[in-house]
Amino acid sequence: MVKGLVEETLRYWGPVDFISRRIAKEDLELGGTHIPKGVPMMVGLATANRDPERFSHPDVFDITRPDADKHVAFGEGIHICIGAPLARTDDGLTPHPAHRPGTLILLST
Ligand code: HEM
């Protein structure tokens, strides 16, 4: 139950809405938009976590959601958050060191 609460909270209301400093390595078609190689981009993590093609009823907060942990609240790929395993521990209080100072994730068992 705690795992579902943590993962669904990260999906539904993760503290990092978007990440920047990304450059397209090749020409892309994304959601009907052409992105040329070399273009700097921002990636909307919050938007991806509410993608109706990925999550059913994405605007519903549901801690029993079976695939809640498929969110991208920790990013993805080579720069995925190295603190994710720590943040996912269920024994305490995890402040994020860099993003949204003052945001605390309260976890209890
Ligand atoms: C709920 C808690 C947390 C969330 C939602 C979170 C989210 C993120 C996100 C979205 C990124 C950027 C990933 C990217 O650029 O692709 C990131 C990077 C990072 N996070 Fe976290 N984080 C959390 C907790 C922590 C903790 C507890 C630590 C350290 C103890 C930490 C350390 C880092 C570091 C060092 C990076 C940079 C990784 C890199 O650029 O290779 N994070 N985090």
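## Helix 1, its cover and the ligand

Helix 2 (45–49) is part of what covers the buried residues of helix 1. Keep in mind that you're looking at a predicted model. Here's a quick tour, starting with the overall layout and ending at the ligand.

**The big picture**
- The protein is built from three helices and six strands.
- If you walk along the sequence, you meet them in the pattern α-β-β-β-β-α-α-β-β.
- Of the protein's 109 residues, 13% are buried.
- Take the contacts between residues at least 6 apart in sequence: 56% of those join residues at least 24 apart.

**Helix 1**
- Helix 1 takes in twelve residues, 2–13.
- At 1.5 Å a residue, helix 1 should span 16 Å, and its end C-alpha atoms are indeed 16 Å apart, so the two values agree.
- Its buried residues are Val-6, Glu-8, Leu-10, Arg-11 and Tyr-12.

**Ala-73, a residue to look up**
- You'll find Ala-73 in the loop between helix 2 and helix 3 (84–87).
- Ala-73 counts as buried because it has 23 C-beta neighbours inside 10 Å, and the cut-off is 20 or more.
- Leaving out residues up to four places away in sequence, Ala-73 touches Leu-10, Arg-11, Gly-14, Val-16, Leu-45 and Asn-49.
- Ala-73 and Arg-11 sit 62 residues apart in sequence, yet their C-alpha atoms are 6.2 Å apart in space.

**Around the ligand**
- There are 20 residues around the ligand, and Gly-75, His-79, Cys-81, Gly-83 and Ala-87 come nearest.
- This shell has 14 nonpolar residues, six polar ones and no charged ones.

Notes:
Residues are numbered from 1 along each chain as its sequence is written. This is a predicted model: local features need pLDDT of at least 70, side-chain atom pairs count only at pLDDT 80 or more; totals for chains, interfaces and linings use all residues. A residue is near a molecule or strand if its C-beta atom, placed from the backbone, lies within 6 Å of it. Ala, Val, Leu, Ile, Met, Phe, Trp, Tyr, Cys and Pro count as nonpolar, Asp, Glu, Lys and Arg as charged, and the others, Gly among them, as polar. Helices (H or I, at least four residues) and strands (E, at least two) are DSSP runs, numbered from the N terminus. A residue is buried if 20 or more other C-beta atoms lie within 10 Å of its own, exposed if 12 or fewer, and partly exposed in between; C-beta atoms are placed from the backbone. Two residues are in contact if their C-beta atoms, placed from the backbone, lie within 7 Å. The expected span of a helix is 1.5 Å times one less than its number of residues.
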